[in-house]
Amino acid sequence: MSSQNVLEIKHVKKHFAVPKGLLHAVDDVSFSVKKGETLGIVGESGCGKSTLGRVILRLHEPTAGNILFKDMDITTFSKEEMRQMRQHMQIIFQDPYASLNPRLTVSQIIEEPLTFFKLYKTDKERKARVAELMDLIGLPQRAYNAYPHEFDGGRRQRVVIARALAINPDFIVCDEPVSALDVSVQAQILNLMVDLQKQLGLTYMFISHDLSVVKHISNHVGVMYLGQLIEKASKSAFFKRPLHPYSMALLSAIPSVNVKEKKDKIILKGEISSPINPKPGCRFAPRCPFVQDACLEKDPEFKEIEDDHFVACHRVEEFAQGLLHYH
Ligand SMILES: Nc1ncnc2c1ncn2[C@@H]1O[C@H](COP(=O)(O)OP(=O)(O)OP(=O)(O)O)[C@@H](O)[C@H]1O
């Protein structure tokens, strides 16, 4: 058993029945995350990032596949067992305005999960834990009795983080936690999350459509395209040498500070396929300039092409050997 893995998911699918057929929101995704890592998941809107995050916590039931949390297959857990499990796995959503109850004060919000999981015997112990958490996330004690609407987005997101951390989870799915915030506040929240990770030994799966944010916070990067994970690698390998043509296009779109490294932005032509009843073959094929017959016939295997570098592309060996390039 690979007990270093906090999370391991195997061939996970989530299909939604829609009027025109089956929408493959997550389609055969496998990966693992080790303790203390941050796996950043990037991809365009609608590629299945949020659905994947929710399926991992079983907020959506997976259509197929296995989800192992610390080597326990949680897909077999009952609803009650899963509720208890959420003490160890938490999720933080994008919109701190929507995810906080406006009728509760900040301290009541942070206290709620402590009461739910009955973690402290006395009122005094619980209150002391709330004070400790407010300190941890940098909120002054005088904010105790404030209501969320009195706070700006950054402070609200701090409250959301404190609430998620209250019960000492090991693993947190962070679903676009800074996307609704001003850029200056984004960096503060990201830095806070990194500090907390170091202090508390947390493991994150960090979902974002913004590759610069993922670059800032992650040590591993996964790219999704139309429900599938098409590349996963360490951050350094990914940013140095992406091996999937879609990842290359994504990377070319982030501005480089280094003028010498300046690359041309790759403009992808062609239509994004529909996630409803997808045809066999690579989902990226209709937009891929390197497409061949095999790409239209068969799903590419998601395979380890170099140590810890996984890619789903029929032509990955040619990319790895430097035989194929854009432009
Ligand atoms: N409850 C649902 N019923 C039907 N289809 C759904 C449902 N939830 C999501 N989808 C579809 O699943 C696909 C993936 O959506 P998802 O929200 O996971 O993508 P995303 O990458 O997180 O996008 P965004 O960044 O815009 O949130 C989309 O086509 C979406 O329309």
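**Domain span, sheets, core and ligand shell**

UniProt, in an unreviewed entry, places the feature "domain: ABC transporter" at residues 7-251. In the predicted model examined here, the end C-alpha atoms of residues 7-251 lie 27 Å apart, and the span is 37% helix and 27% strand.

Start with the open sheet. Four strands make it up, in the order β2-β1-β4-β5, and the pairing is antiparallel. β2 and β5 (72-73) sit at the edges, each pairing on one side only. Strand β4 (residues 64-69) pairs with β5 in the antiparallel sense over two bridges, and here Phe69 stands opposite Met72 in β5.

Two of these strands turn up again around the ligand. The shell has 14 residues, of which Phe16, Ala25, Ser45, Ser50 and Thr51 come nearest. Elements that give two or more residues to this shell are β1 (5-18), β2 (21-34) and α1 (49-56). The largest share, three residues, is from α1. Sorted by class, the shell holds six nonpolar, seven polar and one charged residues.

Strand β9 tells another story. Six of its six residues are buried, so β9 is largely enclosed by the rest of the structure. In a regular strand the side chains alternate between the two faces of the sheet. For β9, that puts His220, Gly222 and Met224 on one side and Val221, Val223 and Tyr225 on the other, all of them buried. β9 has pairing partners of both kinds: with β3 it pairs in the parallel sense over four bridges, with β10 in the antiparallel sense over six bridges. On the β3 side, Leu39 has His220 as its bridge partner in β9; on the β10 side, Tyr225 stands opposite Gln228. β9 and β10 also form a hairpin with two residues between them, and Leu226 in the turn has a positive phi of about 45°.

The same neighbourhood takes in helix α9 (residues 245-252), whose buried residues are Pro245, Tyr246, Ser247 and Leu250. Their cover includes β3 (38-42), β9 (220-225) and β10 (228-234), along with α7 (211-217).

As for the nonpolar interior, the largest core has 78 residues, and those with the most contacts inside it are Ile110, Ala162, Ile172 and Phe206. Take Ile110: leaving aside neighbours within four places in sequence, it is in contact with Val130, Leu133, Met134, Val159, Ala162, Arg163 and Ala166. Ala162 thus appears both in that list of contacts and among the residues with the most contacts inside the core.

Terms used. Residues are numbered from 1 along each chain as its sequence is written. This is a predicted model: local features need pLDDT of at least 70, side-chain atom pairs count only at pLDDT 80 or more; totals for chains, interfaces and linings use all residues. A nonpolar core is a set of buried Ala, Val, Leu, Ile, Met, Phe, Trp, Tyr and Cys residues joined through C-beta atoms within 7 Å. A residue is buried if 20 or more other C-beta atoms lie within 10 Å of its own, exposed if 12 or fewer, and partly exposed in between; C-beta atoms are placed from the backbone. Two residues are in contact if their C-beta atoms, placed from the backbone, lie within 7 Å. A residue is near a molecule or strand if its C-beta atom, placed from the backbone, lies within 6 Å of it. Ala, Val, Leu, Ile, Met, Phe, Trp, Tyr, Cys and Pro count as nonpolar, Asp, Glu, Lys and Arg as charged, and the others, Gly among them, as polar. Two strands pair if DSSP finds at least two bridges between them. UniProt positions are given in the numbering used here, feature names are shortened, and annotations may be inferred rather than shown by experiment.
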